[in-house]
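Let's take a walk through this model, one piece at a time. Have the viewer open and follow along.

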Amino acid sequence: MKTEMLGIEIENLHLAFGPTRVLTGVNLSIKPGEFFAFLGPSGSGKSTLLRSIAGFGPRPSGAIRIGGRDVLDLPPWKRNVGMVFQSYALWPHLSVQENVAFGLRERKLPGAEITRRVEEALDLVGLSHLAARMPNQLSGGQQQRIALARTVVIEPQVLLLDEPLSNLDASLRVQMRRELLALQRKLGLTTIFVTHDQEEANSTSDRMAVLDKGVIQQIGRPQELYDHPANLFVARFLGTANVLEGRVEKRGEALRFVTGSGDALPLPMAAKAGPSSIVLRPQNITISPLCGPDTIIGQVLHSEFLGSQIRYIVQAAGSDLVIDKSHHMSEPTLPTGAEVALQVNMDSAVLLNA
Amino acid sequence: MPQDTPRPADGTGLADRLPAFLFPRLSGAALAGLLIAIFLLGFLIFPVLQVVYVAFIDPRSGGLTLQNFADFFATSLFRESFVNSFYVSAMSVVVATIIALPLAYITTRFNFGGSALIQSLGFIPLIMPPFVGAVAMSLIFGRNGTVNLMLREHLGFTIPFMEGLNGVILVQSIHYFPFILINLSASLRNIDRSMEEAAQNLGSSGLRLFRKIVFPLAMPGYIAGAVLVFIKVFDDLGTPLLLNVNNMLAPQAYLRITSVGISDPMGYVISVILVAFSILSLWASFLVMRGKDYATVQKGGGGLAKRDLSGREKVIAYGAVLFILALVLSPHLGLLLLSFSTIWSFAPLPDGYTWANYIRMWEGSQDYILNTLLYAGIAALGDVILGTAIAYIVMRTGIVGRKCLDYMATAALAVPGVVLGIGYLRSFQGIEVPFLDKPLAQWWVIIAIALMIRRLPYALRACMAALQQVSVALEEAAESLGATKSRTIRRVVVPLMTGGILAGFVTSFATAAVELSATIMLVSSEADSPLAYGIYLFMQTPSGRGAGAALGIVAVIIVGLGTFLAQIIIERDKKLKTSGTEH
């Protein structure tokens, strides 16, 4: 299967359902061949944005260009954009073969070519032996693959995946997302993947956009977003984050962050003085029973044994901090109520200007 | 209703002192089940089997034979009737589809102001017994009716809407198309939006998309509706009779029994064919639809995406809808005009208007109306009592053979009114009613029982649906607090089912009030006649038409009010139940 790699440009896209604003000023550029994820909680507008690219739902204002051509005024059936639905949407009255052949028949291709391409597509997802089955005779994972085959067989310009893994059980989900990525790399298709699961987005996508309330919060590589969240929403949505409120103060040459409760932390990075907040990941705070220099004193409120690590909730610096400590047999769990010393790895901290 | 008799203390009851084998202990529910089974066997299964049996008996020798069927197919009139019945039923399905399909498609697919109008007006045909509309339709669409008079005057040609079989097809399809509309709309609404979007995404649109994806997915609903229409039309006696079309199966059965006599085997042969065809079409539809439960709505996408109509499309849609609605409402309008007309003949509209028909109807039909209220009342009451009892026994007890009650009661669906009537005449002619000195078959009570049996399947469904909404836990809660089975049923189950039972009662009453097929076979004197038969008698003479139409209006009002009332009860019940769960 050959595919021409095309990029997608979205410019100043706005969409409202009556008085409710669903998408506000979306600007996005997806490179040819990229595996791109839209990540966000439900109601964030990620699915609406995907459906706008496919041509479903009300017409937004702005521009969506695929390979340089504005598609906003094309109906869905003229866009040649392949979409895999969350529910798979396999037609129950048609066999697997007929389902996959549907798009090719609509394009009025010669019968022999249809047969050949359907076989190729089914081979690609490894299910050519199920061609004669009806969709209700397939397992969830098989239906997922058939839905994928039905979409890629028409050689779409781009591939859109709407929460494709959400109807699968946990173990299958991990396997399917690897298969999905392998297939995407093989076909070189520009792909957009909608999900609310950060792990899914992190493990598959080249880049992703985090959405909240119809607004893109940040765009970048998964690791970039985790390490350098642009705002509190992104920090909290990607993994667990401890947020300390306070202000940056200058003392001679040295910068330090002073929390509301008066604890001071040295700042290794450049910063402007003034009110600010700081984001700390649970693994970047060390917890120990002993006091040392530059430590904050706290009290253990609660501990959870998670297997490879122990998660402590510690009251310190005016808030409840989540702290992960790797578990070793030789170290006993700190009891609830114990006084502990916290050492913060400020090199991994993220400073957000309030 | 199943009820325990109060249990005697310390085993001192009569039953306890007698040997167990003499007096098998039956629970209240089992006893009720047994009585119902005996009733159904006596008034449904036995008469129908009797009809089937007679069809296979040589009237002279009394031996088993296929000769009657050979005679049937050797007679050209019967062959013609058979073909006509089949043709009329099939064509009625086609015409009903042509009416229902655009209505269902437009209302489910587009944001269309007329949707609510269609959804309510679309059901209006069902509130008029088809034979009532038949005469009015002749006046509007007949050779010298309104439409053809105007066509002849302005365009110089006429269309034989009502000639012979065409008339039956037109009347039946206008009356029964709501069955297709209701079922088809429901399955269209049940299609997951992504089913359609996936097809659009792959390049499909418009009518092609409808033909290849949407309609096939709605097929189960369509087939269910179409089969109902086919069977109803195939079995109907009233409409062809009133249109004076006698070369069809049901009228032939009626005419053979009433003119040749109760011993003539042809009426029985026709009955067997009617029943066989009803069962055959149900079975065929079952085979076609097996494994095709396409209810595809999943979380997220509820129903097809509705879209706005463009200006031109709006004109076409409103045009089509108004045309169809005018057609559908024409029998009602015709009947209303006829009921107020002095003379209406060879004219587009009546010559003059008067109240006289209503006065004449009132003077001549009080007995008809009173009889109708009595028969339909008994039938509906019996239906909900039987329905509630059967529903409870089938769904909430473990009595052996309980399913049989359900099957027997539902089997009445496949028995046309004519067949039940013939079966009663044959089976109960020889049984004398004590103190009355007349055969059971001629006693008015038998008409009420026939109506009860005919409406029972529908009432049973209503009761089962009502019982389904009463959670077993509510029953168990009452029992754990010390209520006996019978008290639980009386104090908890039945009160909670009231809405559904009441709706079942009203619907049974309204439809039984205008049933003609079985009634016409069983009416033995004019004094015992119900309203439907009265209309039939009035319509036999041109001078009686006005009063007949007035009586027809009464019938429409009874059924209309009944349907409306049932709807209100169901709605109120629903509200009550949902508000109950919110708190």
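**A tour of chains A and B**

Start in chain A, where strand 1 (residues 8-17) lines up antiparallel with strand 4 (residues 61-66), and 5 bridges hold the pairing. If you want a spot to click on, A:His14 sits opposite A:Ser61 of strand 4 in chain A. Keep in mind that this is a predicted model.

Now zoom out a little. That pair belongs to an open sheet of 4 strands in chain A, with antiparallel pairing and the order 2-1-4-5. Strand 2 (20-30) and strand 5 (69-70) of chain A are at the edges with a single partner strand each, so one side of each has no neighbour in the sheet. As a reminder, strands of a sheet pair through backbone hydrogen bonds, either parallel or antiparallel.

Further along chain A, have a look at strand 19 (residues 339-344). Which of its side chains are buried? A:Val340, A:Leu342 and A:Val344 point to one face and are buried, while A:Glu339, A:Ala341 and A:Gln343 point to the other face and are not. Strand 15 (residues 285-288) of chain A runs antiparallel to strand 19 of chain A, joined to it by 4 bridges. Strand 16 (residues 296-305) of chain A also pairs with strand 19 of chain A in the antiparallel sense, over 4 bridges. A:Ala341 is a handy landmark here: A:Ser288 stands opposite A:Ala341, and A:Ile297 stands opposite A:Ala341 too.

There's another set of pairings to trace in chain A, this time around strand 14 (residues 274-280). Strand 11 (residues 242-251) of chain A pairs with strand 14 of chain A in the antiparallel sense over 7 bridges, and within that pairing A:Glu245 has A:Ser277 as its bridge partner. Strand 14 of chain A is also paired antiparallel with strand 20 (residues 350-353) of chain A, over 4 bridges; there, A:Val279 stands opposite A:Val350.

So where does chain A meet chain B? The contact takes 19 residues from chain A and 20 residues from chain B. On the chain A side, the elements giving two or more residues are strand 6 (81-84) and helix 2 (96-106). Helix 2 of chain A makes the largest share of that side, with 3 residues. Sorted by class, the chain A side has 12 nonpolar, 5 polar and 2 charged residues.

Cross over to chain B, and you'll find 23 helices and 4 strands. Chain B has a radius of gyration of 26 Å, close to the 25 Å that the globule rule gives for 583 residues, so it is as compact as a globular protein of that length. Its C-alpha atoms fill a box of roughly 90 × 65 × 50 Å along the principal axes, and 46% of the 583 residues of chain B count as buried.

Two helices of chain B are worth a stop. Helix 15 (residues 356-396) has 41 residues and reaches 55 Å from first C-alpha to last, close to the 60 Å expected at 1.5 Å a residue. Helix 15 of chain B has a kink of about 65°, centred on B:Ser365.

Then there's helix 18 (residues 444-468) of chain B. Its 25 residues should span 36 Å at 1.5 Å a residue, and the end C-alpha atoms are 35 Å apart, which agrees. Even so, helix 18 of chain B bends by about 50° at B:Leu456, and a proline, B:Pro457, follows within four residues. Of the 25 residues in helix 18 of chain B, 18 are buried, so this helix is largely enclosed by the rest of the structure.

How values were computed: Residues numbered from 1 in each chain as written. Chains lettered and ligands numbered in written order. Predicted model: local features only at pLDDT ≥ 70, side-chain atom pairs only at ≥ 80, totals over all residues. Rg over C-alpha atoms; globule rule 2.2 N^0.38 Å. Buried ≥ 20, exposed ≤ 12 C-beta atoms within 10 Å, placed from the backbone. Pairing = 2+ DSSP bridges. Expected span 1.5 Å × (residues − 1). Bend = angle between axes of the 7 residues up to and from the residue. Contact = placed C-beta atoms within 7 Å. Nonpolar A, V, L, I, M, F, W, Y, C, P; charged D, E, K, R; others polar.
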